[in-house]
Amino acid sequence: MAELTLADADPVSVLLAWLQQSAEAADALGGPGRVSGIAEAPWPHLVIGHGAGGDLRDLRWATAPEVTLEVHGDPGGWPGKAELRRILVRCAQAAQSIVEAPHTPGRPVVNGVKPSGLLIWSPLVDGQPRWLMNLSVTLHP
């Protein structure tokens, strides 16, 4: 197996795979199959993407880029604002558990996952409910 490089240490891929198999995230969201990289049914749904900030340090070993978590409710408006916020916080806590998990050979090492900023209520233009938050993910090849 080829040695991983810094370019292979993609925080979105790492957290996406982790949360897709997470029992805690599935429980928070109401069942499996509700975590991906796009907003899609079933609702509520957690979308994971690249954040706008972070710290790439010197691009030699460890970096701390941001990952954005978005939890989308049903276009009809449920669950409510408070419940969606609760779901997002539970999913963020499930993401943090990757730090304590045994390392999988051939995958980047995650040394830290912490909130970066605040939770933001940001419904879509059509009124679909949505909460956003960023996580700073410290990782290296």
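Leaving aside its neighbours within four places in sequence, which residues is T68 in contact with? In this predicted model, the answer is V47, I48, G49, H50, G51, M133 and N134. That list is a good place to begin a walk through the structure, so let us stay with T68 for a moment.

T68 is found in strand 3, which covers residues 64–72. With a relative accessible area of 16%, T68 is buried, because buried means under 20%. One of its contacts deserves a second look: the side chains of T68 and N134 are joined by a polar contact of 2.6 Å. If you have the model open, you can follow strand 3 to T68 and then step across to N134 through that polar contact.

Strand 3 also leads us to the charged residues. R130 and E70 form a salt bridge, with their closest N and O atoms 3.4 Å apart. Here R130 lies in strand 6 (residues 130–140) and E70 in strand 3, so this pair ties together parts that are 60 residues apart in sequence. Are the two partners buried or exposed? R130 is buried, at a relative accessible area of 15%, and E70 is buried too, at 19%. The value for E70 falls under the 20% cut-off, and therefore E70 still counts as buried.

How many salt bridges does the structure hold? There are 4, and the pair of R130 and E70 is one of them. Another is formed by D27 and R90, whose closest N and O atoms are 2.5 Å apart. This pair links distant parts of the chain: D27 sits in helix 2 (residues 23–29) and R90 in helix 3 (residues 81–96), 63 residues apart. D27 counts as exposed, with 54% relative accessibility, whereas R90, at 25%, counts as partly exposed. The label for D27 follows because exposed means over 50%.

A further salt bridge is the one in which the side chains of D58 and R60 meet, at 3.8 Å from N to O. R60 is exposed, with a relative accessible area of 69%. D58 has a relative accessible area of 49% and is partly exposed, since the exposed class requires over 50%.

To retrace the route, begin at buried T68 and its polar contact with N134. Continue along strand 3 to E70 and its partner R130 in strand 6, then visit D27 and R90 in helices 2 and 3, and finish at the salt bridge of D58 and R60.

Notes
Residues numbered from 1 in each chain as written. Predicted model: local features only at pLDDT ≥ 70, side-chain atom pairs only at ≥ 80, totals over all residues. Heavy atoms only, no water. Helix = DSSP H or I, 4+ residues; strand = E, 2+ residues; numbered from the N terminus. Buried < 20%, exposed > 50% of the residue type's maximum accessible area, 1.4 Å probe, protein only. Polar contact = N/O pair within 3.5 Å; in protein donor to acceptor, adjacent residues only side chain to side chain. Contact = heavy atoms within 4.5 Å.
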